[in-house]
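Subject: Handing over the structure, with notes

Dear colleague,

I am passing on the structure that we spoke about, and I would be grateful if you could look it over before reading my notes. The sequence and the coordinates come first, and my description follows.

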Amino acid sequence: MIDLRSDTVTKPTSEMLKAIMTAEVGDDVYKEDPTVNALEEKLAKMFGKDEALFFPTGSMANQAAIKLHTQPAEQLICDKWAHVFNYEGGGVSFNSGVSCKLIDGNRGIITAKQVEENINPPDFYHSPLTTLVCLENTTNKGGGACYDLEEINEIRKVCNRHGLSLHLDGARLFNALLAKNEDPKDYGKLFDTISVCLSKGLGAPMGSVLIGDRKLMKNALRVRKVLGGGMRQIGFMAAAGIYALDNHVERLFEDHKRAKEIGETLQQQAYVKEVEPVETNIVIFYLDNVSDESKFLKALESKNIIISNMGQGKLRIVTHLDYSEEMHQKFLETLNKVSL
Ligand SMILES: *Cc1c(COP(=O)(O)O)cnc(C)c1O
């Protein structure tokens with residue numbers, strides 16, 4: 001099976017399993033799990049922040065961050081395609097009682113100008129008070145697009161001028177850092193909080209980490225508990241995360257290279273209308289004729305290949321750790337042979 005639906009489908013390698021099996025653990029609710037503590041310190045240091053906290057999922061890490069930055073009835077600003085708005089089950093309103101001002105960005109990316117234009121005037125008490133901006137890098141629904149650090153810098157300035165907090169949903173931040181050759185510490189400087197996923201391109205079975213400064217993170221432990229995210233001997237999974245950070249970051253280049261080659265191959269096919277620019281490990285494309293979608297997906301399935309249908313004619317391919325060179329060659333060959 002060649003599963004290109006998402007980079008979340010990977011299974012731990014035997015080396016990662018060994019790291020899991022030999023992890024030293026303790027009760028993390030008492031903060032006595034040495035491996036969790038080591039993972040948290042490693043990421044806090046990497047981003048030049050005081051503290052980090054391990055979460056079971058990226059959604060919970062984002063939701064906790066939003067809770068830390070807001071009060072009920074306030075409003076956050078994000079792109080219309082943001083994961084925090086579209087794919088976290090309405091948690092923004094459920095967990096924090098906050099509304100979202102959606103911005104019509106470009107492939108999930110918003111500008112400092114757009115942010116500034118969408119801040120509600122704080123003395124106009126009829127509208128919700130804007131208190132938080134959430135960015136996503138790379139963008140998921142936006143097809144793995146990356147921010148320019150300079151634009152984030154401008155957004156930070158807008159946030160400073162208006163007293164807003166700035167959170168980064170960095171589920172695939174390591175893909176962006178690699179693609180743009182950037183330093184995690186630059187991100188640490190610009191954002192109040194950053195969530196990163198260990199279970200996407202890095203290939204761990206679970207886990208995300210929220211990173212921030214001490215004052216803010218003091219409450220993160222409490223919020224995680226409220227959300228039901230306190231875990232016990234979870235060092236086994238933190239060990240997978242540490243292993244992934246040590247061994248699976250540089251190799252994201254391979255995923256990016258293969259995604260680019262898939263994009264180029266698709267571009268040459270008569271049945272493809274458009275391929276969005278491939279910046280990292282996600283390829284978004286549209287068939288020439290939307291009504292051919294199920295025929296196309298079935299043709300792939302008959303070769304044991306599965307990809308994602310995101311609706312509205314949008315098809316998505318995500319490369320990852322378990323997508324080998326052999327699978328890649330077979331997939332490119334199949335794309336060249338499909339006739340609709
Ligand atoms: C995957 C993902 C998350 C977190 O998802 P979980 O399934 O809750 O771990 C958050 N943001 C983005 C952009 C993602 O792609």
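Below I go through the sheet, two residues beside it, the nonpolar cores and the salt bridges.

Please keep in mind that this is a predicted model, in which local features need pLDDT of at least 70 and side-chain atom pairs count only at pLDDT 80 or more, while totals for chains, interfaces and linings use all residues. Residues are numbered from 1 along each chain as its sequence is written, and side-chain values use heavy atoms, with hydrogens and water left out.

**The sheet**

Seven strands form an open sheet in the order β2-β8-β7-β6-β5-β3-β4, and the pairing is mixed; here helices (H or I, at least four residues) and strands (E, at least two) are DSSP runs numbered from the N terminus, and two strands pair if DSSP finds at least two bridges between them. The edges are β2 (51–55) and β4 (99–103), each of which pairs on one side only. From one strand to the next the twist averages 20°, with axes taken as lines fitted to C-alpha atoms (for helices over the stretch in contact) and angles running from 0 to 180 degrees between N-to-C directions. As general background, strands of a sheet pair through backbone hydrogen bonds, either parallel or antiparallel.

Strand β5 (130–136) is a useful place to start reading. It pairs with β3 (residues 75–79) in the parallel sense over three bridges, where Ile 77 has Val 133 as its bridge partner and Leu 76 stands opposite Leu 132. The pairing of β5 with β6 is parallel as well and runs over five bridges, with His 167 in β6 as the bridge partner of Cys 134. Seven of the seven residues of β5 are buried, so this strand is largely enclosed by the rest of the structure; buried means under 20% relative accessible area, exposed over 50%, and partly exposed in between (1.4 Å probe, protein chains only).

**Two residues beside β5**

Tyr 147 sits in the loop between β5 and α7 (149–162), and it counts as buried because its relative accessibility is 1%. Leaving aside neighbours within four places in sequence, its contacts (heavy atoms within 4.5 Å) include Ile 109, Leu 135, Ile 152 and Lys 180. Although Tyr 147 and Ile 109 are 38 residues apart in sequence, their C-alpha atoms are 6.7 Å apart in space. A polar atom of the Tyr 147 side chain also lies 3.0 Å from the backbone nitrogen of Ile 110.

Ser 165 belongs to strand β6 (residues 165–170) and is buried, at 18% relative accessibility. Its side chain is joined to that of His 69 by a polar contact of 3.4 Å, a polar contact being a pair of N or O atoms within 3.5 Å, where within protein one must be able to donate a hydrogen and the other to accept it, and residues adjacent in sequence count only if both atoms are side-chain atoms.

**Nonpolar cores**

A nonpolar core is a set of buried Ala, Val, Leu, Ile, Met, Phe, Trp, Tyr and Cys residues joined through side-chain atoms within 4.5 Å. The largest has 55 residues, and those with the most contacts inside it are Phe 47, Phe 54, Leu 135 and Phe 174. Helix α12 (residues 235–247) gives the most to this core, with seven residues. A second, separate core of 24 residues includes Leu 4, Val 272, Phe 296 and Ile 305.

**Salt bridges**

The whole structure has 23 salt bridges, each being a side-chain nitrogen of Lys or Arg within 4 Å of a carboxyl oxygen of Asp or Glu. Asp 28, which is buried at 0% relative accessibility, meets Lys 31 at 3.2 Å, N to O, and Arg 224 at 3.5 Å, N to O. Arg 224 lies in helix α11 (residues 220–226) and Asp 28 in the loop between α1 (14–21) and α2 (34–46), so this pair ties together parts that are 196 residues apart in sequence. Arg 224 is itself buried, with a relative accessible area of 2%, whereas Lys 31 is partly exposed at 26%.

Another salt bridge links Glu 154 and Lys 157, whose closest N and O atoms are 3.0 Å apart. Being three residues apart in helix α7, they are separated by about one helical turn. Glu 154 is partly exposed at 29% relative accessibility, and Lys 157 is partly exposed at 38%.

With best wishes
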